[in-house]
Amino acid sequence: MLTLDTAAQTQLEAPIRGVQWLAELAFTTGTLRLTTHAVDIISGGHTWVGLGQLAAVDTVREAEDGGTSDVTLSLGLGSTAMLAATIGNVETYRARPVRLYLQLIGEGYQPVGAPRQ
C-alpha cells in the first residue's frame, strides 16, 4: 500500500493536481534520472530530466510477495542526448535496475511532497 506524506495527501485532495513518474536508471556508466513531466524538475534532492510524452511507463503492478517486478519503460529518441545515452554497448543499460517513483505535481507544475517508490 502506498503511503503519502501530509503535503502529498493534501495535494491529492486539491482540485488541481497531476502525477508524474520519476525513473532512476542504474546504467553501468552512471545513474540517469528521467521524468514523464514536460520539463526538468527537482525532487528528492536530484534533477530529473523532463521528457514529457517521449517517456512512457507501462502498467505498474505490485508484486504479490512485495518483491520486484518487470515493467517496460519506453523512451522516445527525439532527443539527441537520449540517443547518445542508449547507443553503443547494450550492456550499459539492458536488464539494469530501474527505480520508479510516483511524484505528485501541484497547481504551479512543481513537485509536491516526497516522491514515493
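**Loop residues and an internal cavity**

Y109 is situated in the loop that connects β7 (98–105) with β8 (111–116). In this predicted model, the phi angle of Y109 is positive, near 60 degrees, although the residue is not glycine. Most residues other than glycine have a negative phi. Y109 is exposed, its relative accessible area being 59%.

A second loop residue, T36, is found between β2 and β3 (41–43). T36 has a relative accessibility of 18% and is therefore classed as buried, the cut-off for this class being under 20%. Two polar interactions of the T36 side chain were identified. The side chain of T36 forms a polar contact of 2.9 Å with the side chain of Q20, and the T36 side chain also lies 2.9 Å from the backbone nitrogen of W21. When neighbours within four places in sequence are set aside, the residues in contact with T36 are Q20, W21, G52 and A55.

T36 also takes part in the lining of the largest cavity, together with W21, A23, L34, T35, A55 and L73. The structure contains 1 cavity of 30 Å³ or more, and the space in the largest cavity amounts to about 30 Å³. Two strands, β1 (18–27) and β2 (30–35), each contribute at least two residues to this lining. In composition, the lining of the largest cavity comprises 5 nonpolar and 2 polar residues, with no charged residue. W21 and A55 thus appear in two settings: both are in contact with T36, and both are among the residues that line the largest cavity.

Methods:
Residues numbered from 1 in each chain as written. Predicted model: local features only at pLDDT ≥ 70, side-chain atom pairs only at ≥ 80, totals over all residues. Heavy atoms only, no water. 1 Å grid on protein atoms, 1.4 Å probe; cavity = no way out; pocket = protein on both sides within 12 Å on 5 of 7 lines; lining within 4 Å. Points joined across faces, edges and corners; volume = space filled by probe spheres on them. Helix = DSSP H or I, 4+ residues; strand = E, 2+ residues; numbered from the N terminus. Nonpolar A, V, L, I, M, F, W, Y, C, P; charged D, E, K, R; others polar. Buried < 20%, exposed > 50% of the residue type's maximum accessible area, 1.4 Å probe, protein only. Polar contact = N/O pair within 3.5 Å; in protein donor to acceptor, adjacent residues only side chain to side chain. Contact = heavy atoms within 4.5 Å.
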